[in-house]
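Please work through the exercises below with the coordinates open beside you. Each one sets a task and is followed by a solution that proceeds step by step.

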Amino acid sequence: MKLTLHIWRQKSSTEPGKMVPYSVEANEHMSFLEMLDVLNEDLIAKGEDPVAFDHDCREGICGSCGFMINGIAHGPQPSTTVCQLHMRHFKTGDVLYLEPWRAKAFPVVRDLVVDRSAFDRIIAAGGYISVSTGSAPDGNAIPVPKKYSDQSMDAAACIGCGACVAACPNAAAALFTGAKISHLGLLPQGQPERSERALNMVAQVKQEMFGSCTNIGECEAVCPKEIKLEVIARMNRDYLLASWTNRREAARSDGI
Amino acid sequence: MELKSKCPTGPIETRWERHKFDLKLVNPANKRKYTVIVVGSGLAGGSASATLAELGYNVKCFCFQDSPRRAHSIAAQGGINAAKNYQNDGDSIYRLFYDTVKGGDFRARESNVYRLAQISVNIIDQCVAQGVPFAREYGGTLTNRSFGGAQVSRTFYARGQTGQQLLIGAYQALERQINTGKVQMYPRSEMLDLIVIDGKARGIVVRNLLTGKVESHLADAVVLGTGGYGNVFYLSTNAKGSNCTAIWRAYKRGAAMANPCFTQIHPTCIPVSGDYQSKLTLMSESLRNDGRIWVPLKKGDTRPPNQIPESERDYYLERRYPSFGNLVPRDVASRAAKAACDEGRGVGTTGLGVYLDFGDAIKRLGKQGVKERYSNLFDMYERITGENPYEVPMRIYPAIHYTMGGLWVDYNLMTTVPGLYSIGEANFSDHGANRLGASALMQGLADGYFVLPYTIGDYLANSKLERIDNSHAAVRDAETEVAKQTRRFVENKGSRSVASFHRELGKIVWDECGMARTEAGLKRAIARIPELRDEFWQTVTVPGSGEELNQNLENAGRVADFFEFAELMCRDALHRNESCGGHFREEFQTPEGEARRNDDEYCYAAAWEYAGPLKPPILNKEPLTFEYVHPSQRSYK
């Protein structure tokens, strides 16, 4: 199949970028990134700069890859990262627009590569259970009802790709942050730090210049791991509760 | 080169305990005077960084990905072994030890393996406390599944994404320490050389992948948790970025490389579909718990699988290995699949595939039951192949997956360069010639959480380390070397892309040093690889400059190292005149086609020493002794 791609080309974060058209020959069994590999081989043969894009595992789990395809984060296939998107979902003659994630908190590094280190700083602010190596009780000492364990796993499935931010008209990181707060808050092990975690992580989100959540739901629609909006409700509940019961920290974090 | 394994002697049950007591400690106030460099942020590197920082050391952690959470450990699917015996099915530390030594085809150190089995139980406790959402029973206790090479259920799992959940646990522990300032994290940084001063590892040279800047970092000890070298085969289940550069550069600075020919082929991967293919995708071994593997009885049977009646199917694993059936170890399952395809009974358009059928499991458990266990794997299969495995059997074929070989380390996980440690898949120590399923996660976390943090203190407490700074000649030399290579790539006005060379190299090693090896084939590879390597250096083209994000330049350096590594791997395979575990030499097999070991001559770890450019490497041998599990012909019949 023959496709036309319009790809965002930007040499570095300080230089202006623009859309550049390319045509590429693909077949239906390729993954989307393998199609870009083919394009890049063509570009190298012509002595041009290949298109930079983040990728690593190509199995949909590392969270490295991701860009917009015709305005949809990770492209048209639901619950699928772009590395797992196969060309059989496209047809010859298709015109595709590829753009990097757009968000103030995710500056463009080059072409389709963005800087998502803000996500790491949100986790560093409180997305963990403070248990040093060696101080754990027996694994079966704390029974966890299967229901909560399963719900916790649903939230923990987040791969940190950033599609939720890119899809959100406000560029909010609510789904990402809510997923971590839910993963840990649903487990008995996560209870001791639950209030502080919500306050600190939300404060960091604000500092990173992510937008506010207005319950639009685009994030859930594009999430390749099907993280549900309910994680945002859990985050808000934990945050509200913590701000009432924990005034000093709440004053420091100053609202969502 | 002298290889001192430093393994304790005496009763195996107390060796680690006694060894820990004999190790010198660094007192808490002194720990903060030391800096440790950790390269890699996967299960081994991430857990080591976090734990060392908890103890009070200053840690600098490096990874080439944009975040430490993306290390390739994340892609492990099936689970992690631990001798908890929660299922009351007769498991014990000794049994896990026994299974691992036997599964490794008697090419691992007993002391290391026993320690691994002991520590396995602590790992589960630690991970549960961190909030890893392992699968549970309705009563709230942890549940288990079984894996290849074992007759007990000892594998803990978090759906089909256990590696992800364990890595996120380690990553969160790491981020917690980054937040306290005890760990300085350097993402998008690639280690390109090791700095050795006065015979001791004192730092690394890294390239900042965003700016291209080459910088040196100095420390009191260096730890490599940089994973395996499976991508030497180009097509593997490894992530695209996984590479051998860190361990290879360490090798060239004096660290011995052990058993590089011990590579693991995973029996259940999605078959190759075309030349453009960039990687292979694994389907977790856990699928063999409920899936049945078969090929048509007749050669060249092209009927769709659902039209082939039971009586015309050959469930060859169940037939050949009645007691382990579909759960034989990986090397055995892979070779059996190859044998079936070589007989012309393979399925799919290429004939390189066998069926993994869930028809019976769906009858037994219902579609919902199967879905609960494997839904994400089934979804992934359907996304890639466009076929629905609830209705038609999966097609699978073996692919390179894991590398048991790696840097030689002693019982303390130190390489032959003092102060240089190697942990996780990057070292060679615990899996012998074949790794059992769900043991990689166990080893990575054992090394990082529970072994290295003890043993590194002994080195620091016993060493007199001079103060050094970046003006030291060794530092400047290493930086110059790195800059020279970068320049050479970007200034080379060639015509062929890096990827095309990598693909060609991969094909040579897969054909000659893959699932089955022969003397003639290995000799062909050893002759061909240097030719192609010369061609690579002459005609490769790398667009762009060295002062920017340049993914082709990164890849060029990695492929250059794979070229050198591939040759060593083939040399190792050629010298080992026996078949064991993942190393199958066609000349050495039993009449039934099973691997035939030669314990009289090859019961040792082969530690290769770098002798200089274009000189053949020097072979050193660490003899292996078995006091507890006596070498026998492995039988899974």
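**Exercise 1: the surroundings of one threonine**

Apart from neighbours within four places in sequence, T263(B) is in contact with G230(B), I400(B), T403(B) and G582(B). Establish in which strand T263(B) sits, and decide whether T263(B) is buried or exposed.

Solution. The model is a predicted one, and it is reasonable to begin with its confidence values: chain B has a mean pLDDT of 95, with 100% of its residues at 70 or more, while the predictor assigns the complex an ipTM of 0.97 and a pTM of 0.96. The next step is to place the residue, and T263(B) belongs to strand β11 of chain B, which covers residues 263-269. For the burial, the cut-off is 20 or more other C-beta atoms within 10 Å; T263(B) is classed as buried because it has 29 of them within that distance. As a last step, take a residue from elsewhere in the chain: Q126(B) is 137 residues from T263(B) in sequence, and their C-alpha atoms are 30 Å apart.

**Exercise 2: two residues with positive phi**

Determine where D105(B) and R188(B) lie in the chain, and examine the backbone and the burial of each.

Solution. Start with D105(B), which is found in the loop between α4 (93-103) and α5 of chain B. Its phi is near 55 degrees, a positive value in a residue that is not glycine. With 26 other C-beta atoms within 10 Å, D105(B) is buried. Turn then to R188(B), located in the loop between β5 (183-186) and β6 of chain B. R188(B) also is not a glycine, and its phi is positive at about 45 degrees. The count for R188(B) is 23 other C-beta atoms within 10 Å, and therefore R188(B) is buried.

**Exercise 3: strands, edges and a packed helix**

Describe the sheet formed by β6, β7 and β8 of chain B, and explain why β6 and β8 of chain B each have one side without a neighbour in the sheet.

Solution. The strand order is β6-β7-β8 in an open sheet of 3 strands, paired antiparallel. Because β6 (189-197) and β8 (214-218) of chain B stand at the edges with a single partner strand each, one side of each has no neighbour in the sheet. From one strand to the next the twist averages 30 degrees. Looking at one pairing in detail, β6(B) and strand β7 (residues 200-208) of chain B are joined by 8 bridges, and I197(B) is placed opposite K200(B) in β7(B). Helix α12 (residues 473-491) of chain B packs on this sheet and touches β6, β7 and β8, its direction making about 145 degrees with that of β6(B).

A further pairing in chain B can be treated in the same manner. Strand β18 (residues 604-609) is joined to β19(B) by 6 bridges, and the two run antiparallel; within this pairing, W608(B) has L619(B) as its bridge partner. Strand β19 (residues 618-623) of chain B lies largely in the open, because 0 of its 6 residues are buried.

**Exercise 4: contacts between domains and between chains**

Identify which helix supplies the largest share of the side of domain 1 of chain B that touches domain 2 of chain B, and then characterise the contact of chain B with chain A.

Solution. The domain assignment divides out domain 1 (266-399) and domain 2 (489-605) of chain B, whose C-alpha centres are 28 Å apart. Between them, 6 residues of domain 1 are in contact with 6 residues of domain 2. On the domain 1 side, helix α9 (residues 330-342) of chain B gives the largest share, namely 5 residues, and by class this side consists of 2 nonpolar, 1 polar and 3 charged residues.

For the chains, the contact involves 65 residues of chain B and 67 residues of chain A. Helices α3 (43-55), α5 (110-130), α6 (162-180), α10 (359-385) and α15 (551-575) of chain B each contribute at least two residues to the side that touches chain A, and α6(B) contributes the most, with 9 residues. By class, this side of chain B has 23 nonpolar, 27 polar and 15 charged residues.

Definitions and conventions: Residues are numbered from 1 along each chain as its sequence is written. Chains are lettered from A and ligands numbered from 1 in the order in which they are written. This is a predicted model: local features need pLDDT of at least 70, side-chain atom pairs count only at pLDDT 80 or more; totals for chains, interfaces and linings use all residues. Helices (H or I, at least four residues) and strands (E, at least two) are DSSP runs, numbered from the N terminus. A residue is buried if 20 or more other C-beta atoms lie within 10 Å of its own, exposed if 12 or fewer, and partly exposed in between; C-beta atoms are placed from the backbone. Two residues are in contact if their C-beta atoms, placed from the backbone, lie within 7 Å. pLDDT is the predictor's confidence in each residue, from 0 to 100. Two strands pair if DSSP finds at least two bridges between them. Domain bounds come from an automatic or database domain assignment. Ala, Val, Leu, Ile, Met, Phe, Trp, Tyr, Cys and Pro count as nonpolar, Asp, Glu, Lys and Arg as charged, and the others, Gly among them, as polar. Axes are lines fitted to C-alpha atoms, for helices over the stretch in contact, and angles run from 0 to 180 degrees between N-to-C directions.
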